[in-house]
Amino acid sequence: MKSPRFLASAVAIAAFAATATAHADMPSFEVVAENGRFTPDTIVVPANTRFRLTLTNRNAGPEEFETSNPFKELVVAPGVSRSTVFPPLKPGTYPFFGEFHPDTAKGQFVAK
């Protein structure tokens with residue numbers, strides 16, 4: 001008979017493996033913040049599907065990637081990459097912007 005500690009460890013390892021597999025299958029997209037702009041500025045994502053966004057900041061200072069629908073904020077220091085997961089989006093267009101460069105750092109997700 002296995003000990004309760006062994007069973008708890010086995011369950012934790014199985015849950016971690018399932019989560020890692022789910023994240024590996026998730027669509028991923030990359031955006032670069034540089035010279036106060038986002039590249040690419042239009043990202044086509046699959047509708048009704050969670051996805052991961054990784055932002056790499058090549059600006060001289062920090063950048064704050066932000067969306068209002070759904071609400072997400074991601075503050076990234078210069079020379080750093082950070083990721084966040086978005087919930088499934090219905091078909092449509094969803095703007096995003098850089099709060100530290102609001103006049104130039106603009107873009108959109110297009111969920112199809």
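**Reading N59 and the two sheets**

Tutor: Leave aside neighbours within four places in sequence, and N59 is in contact with A33, E34, N35, G36, P78 and H101. Keep in mind that this is a predicted model.

Student: Where along the chain is N59 found?

Tutor: N59 sits in the loop between strand 4 and strand 5, the latter covering residues 63-68.

Student: Does a loop position settle the matter of accessibility? Put plainly, is N59 buried or exposed?

Tutor: Judge by relative accessibility, not by the loop label. The cut-off for buried is under 20%. N59 has 8%, so it counts as buried.

Student: What does the side chain of N59 reach?

Tutor: The backbone nitrogen of N35, at 2.9 Å. N35 also belongs to the contact list of N59. For a C-alpha view, take V80: it lies 21 residues from N59 along the chain, and the two C-alpha atoms are separated by 9.9 Å.

Student: Now the sheets. What is the strand order in the sheet with 4 strands?

Tutor: The order is 2-1-4-7, in an open sheet with mixed pairing. Strand 2 (37-39) and strand 7 (81-86) are at the edges; each has a single partner strand, so one side of each lacks a neighbour in the sheet. From one strand to the next, the twist averages 25°.

Student: How many bridges join strand 1 to strand 4, and which way do they run?

Tutor: There are 6 bridges, and the strands run parallel. Strand 1 takes in residues 28-34 and strand 4 residues 51-57. One pair to look up: A33 has N57 in strand 4 as its bridge partner. A33 is also among the contacts of N59.

Student: And what is the order of the sheet with 5 strands?

Tutor: This open sheet reads 3-9-8-5-6, again with mixed pairing. Its edge strands are strand 3 and strand 6, each pairing on one side only. Here the twist averages 20° from one strand to the next.

Student: Which strands does strand 5 run antiparallel to?

Tutor: Strand 6 is one, joined to strand 5 by 6 bridges. Strand 8 is another, with 3 bridges to strand 5. Strands 5 and 6 make a hairpin with 2 residues between them. S68 stands opposite F71 in strand 6. Towards strand 8, F65 has G98 as bridge partner, while E66 has F97.

Student: Why call strand 5 largely enclosed?

Tutor: Because 5 of its 6 residues are buried, the rest of the structure largely encloses it. A general point on faces: in a regular strand, side chains alternate between the two faces of the sheet.

Student: Which residues have the most contacts inside the largest nonpolar core?

Tutor: F38, I43, V45, L53, L55, F65 and F109, out of 20 residues in that core. Strands 1, 3 (42-45), 4, 6 (71-76), 8 (92-98) and 9 (106-111) each supply at least two residues of this core. F65 repays a look. Beyond four places in sequence, its contacts include F38, L53, L55, F86, F96 and F109. K72 and E73 are also among them.

Student: Last check. What is the mean pLDDT of the protein chain?

Tutor: The mean is 88, and 79% of residues reach 70 or more. Residues 18-22 stay under 50, and the model has 0 contacts for them beyond four places in sequence. Where pLDDT is low, the predicted coordinates should not be read in detail.

Note on methods: Residues numbered from 1 in each chain as written. Predicted model: local features only at pLDDT ≥ 70, side-chain atom pairs only at ≥ 80, totals over all residues. Heavy atoms only, no water. Pairing = 2+ DSSP bridges. Axes fitted to C-alpha atoms, helices over the stretch in contact; angles between N-to-C directions. Core = buried A, V, L, I, M, F, W, Y, C linked by side-chain atoms within 4.5 Å. Buried < 20%, exposed > 50% of the residue type's maximum accessible area, 1.4 Å probe, protein only. Contact = heavy atoms within 4.5 Å. Polar contact = N/O pair within 3.5 Å; in protein donor to acceptor, adjacent residues only side chain to side chain. pLDDT = per-residue confidence, 0-100.
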